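Below are some notes for a colleague who is meeting this structure for the first time. Please read them with the model open alongside.

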Amino acid sequence: MAHRIMRAGVLFLALLALNWDEASSFVTPTPPPAGSGFAANSSYDGSECVCTIQVPSTIQCTSYTNTDTLAQIEYAQNQVIQLSVQVDSYVIQYNQQSLRIEELSVTMLATLETLMRIDEGDLIATRPEIEQMRHEIKDMERLLIELERNHTSNTIITQLQAEIANLTSLLDELEYNEHADTTELLKEIGALKDKLKDCQESDQITGLYDSWDEPGKQDTCSELLSVSLPYTVGGLESVYGAWFRDPIKNTRKVYSFSLANGRYYGVVSQFNTLIDYHGDTGEVEIRLNDNALGPGMVAYNGSIYYNRYSTRYITRFDVTTNQRPATREISDALYSNQGAYRSIAYTDFDFLTDESGLWLLYTTSAANGFIVVSKVDQVTLEFTETWQTNYPKNAAGNCFIACGVIYCTNGFDSHINKINYKFDTKTKTETFLDIAFDNKYLKTYALNYNPRDQLLYGWDNGHQVVYELNFKEDVTN
């Protein structure tokens, strides 16, 4: 068996080498027309692809009506374009091949290692019951994902995840002992199935929907202690977008702004309730009469606020009248990805809401890219007060504001990011934090705090998620 394993490893390396040798065949220039004096060629030295066009030593432009010369020049231009397209295609194929090779390498090496351990007697093959139990645990994991999308309590989800992980660990141990007693493990699996079934039945009616209709009870002006893992409300929409609720007017309605092209769009979807949004029923399209750029949009007191496409203008759109009663240019503001968050994603202008009203987070040339935040008059869009921080905007993954305090994450694409910075507009002080923050789907392009329900709404790689914020209790009351 050892010879078979070694042979498999050699075969894998041979295939890997063959894959790289074929790279040189991707770019092939089109032959020039006969008699043109031009020549095209490509070469590959194992590390670099070189495409060349040889031009005649002398081209005499004796007449602008010389069709031969014009044809030669046109050929040269077309050849350059064709080679550029072929090189781009080669780079894409090369990158895709590299990823496939890396994945294949990891899988193959792990398989070879497992086979070697079995051959050497370190690992013992297990009974058919082991595979059956593995299938059952997989079924429970899929059910747990569905429950999480249906907004089961985060505490329950975490507990069930821990129990499934424990069962998986016990099952792994059985692989090393073919004489192990599986009776106790089968009992635990049955008990966990019952828990999941009860949880599923009870969560079809309740869940987060009920609690979201009530105002928040925490003192958000106290210290932020932690942020929950995200609840998934929906998914499978455009990678870029934002979703939010108006904390003042028609607070049950849900707004969704999905950026199909990743940059701008002129339609906002409105749903009467969160249940309608989750079920994608009763959608009403709100047409803004122009295009909004980026996911930094919010709703506040019956209006939608956004940055107008490819400009420094911010706009207020009245949902009731379908009119734009106010628009304003922010001179010196950086725009069109010049003043965006780390995610880029046209997040130059980020409207935010909290207990005191409407805010705008951005940066300017004068601020040298550091975060600037302004309190915005909800009617006129005039700034009532402005603060400049010492935190670079392009270093932040996302930011939100609660009770006049700005909180920023240090990334948007990891499970282990942090809320690492806050700026208090009341005291004009800034502090570095260390609060865990999980970007569950690894691409959080929008975050906005709703002061009514005290939840944080996020758009994460096409998924709509919410976070619960945990503030320090006020012990004086």
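1. The surface is a convenient place to begin, with the reminder that this is a predicted model. The accessible surface of the protein comes to about 24900 Å², and carbon and sulfur atoms contribute 52% of that area.

2. As for the overall make-up, the protein has 477 residues, of which 42% count as buried, and its secondary structure consists of seven helices and 23 strands. Among the contacts in the protein with a separation of 6 or more, 55% are between residues that lie 24 or more positions apart.

3. One open sheet is built from four strands in the order β5-β6-β7-β8, and the pairing is antiparallel. Strands β5 (240–244) and β8 (284–293) each have a single partner strand and therefore stand at the edges, with one side of each left without a neighbour in the sheet. On average, and with direction ignored, neighbouring strands of this sheet are turned by 20° against each other.

4. Within that sheet, the pairing of β7 (residues 264–271) with β8 deserves a look, since the two strands run antiparallel and are joined by six bridges. Here V267 has R287 in β8 as its bridge partner.

5. Another open sheet, again of four strands with antiparallel pairing, has the order β9-β10-β11-β12. Its edges are formed by β9 (298–300) and β12 (323–329), and because each of these has a single partner strand, one side of each is left without a neighbour in the sheet. In this case the average turn between neighbouring strands is 25°, direction ignored.

6. At one edge of this second sheet, β9 is connected by three bridges to β10 (residues 303–307), and the two run antiparallel. A residue pair to locate there is V298, which stands opposite Y305 in β10.

7. Is strand β13 (residues 350–354) mostly covered or mostly open? The strand is mostly covered, as five of its five residues are buried. In a regular strand the side chains alternate between the two faces of the sheet. In β13, D350, L352 and D354 lie on one side while F351 and T353 lie on the other, and both faces are covered, with all of these residues buried.

8. The partner of this strand should be viewed together with it. Strands β13 and β14 form a hairpin with two residues between them, and five bridges join β13 to β14 (residues 357–362) in an antiparallel arrangement. The buried residue F351 has L360 in β14 as its bridge partner.

How values were computed: Residues numbered from 1 in each chain as written. Predicted model: local features only at pLDDT ≥ 70, side-chain atom pairs only at ≥ 80, totals over all residues. Heavy atoms only, no water. Buried < 20%, exposed > 50% of the residue type's maximum accessible area, 1.4 Å probe, protein only. Contact = heavy atoms within 4.5 Å. Areas by Shrake-Rupley, 256 points an atom, 1.4 Å probe, with all protein chains shown as cover. Pairing = 2+ DSSP bridges. Axes fitted to C-alpha atoms, helices over the stretch in contact; angles between N-to-C directions.
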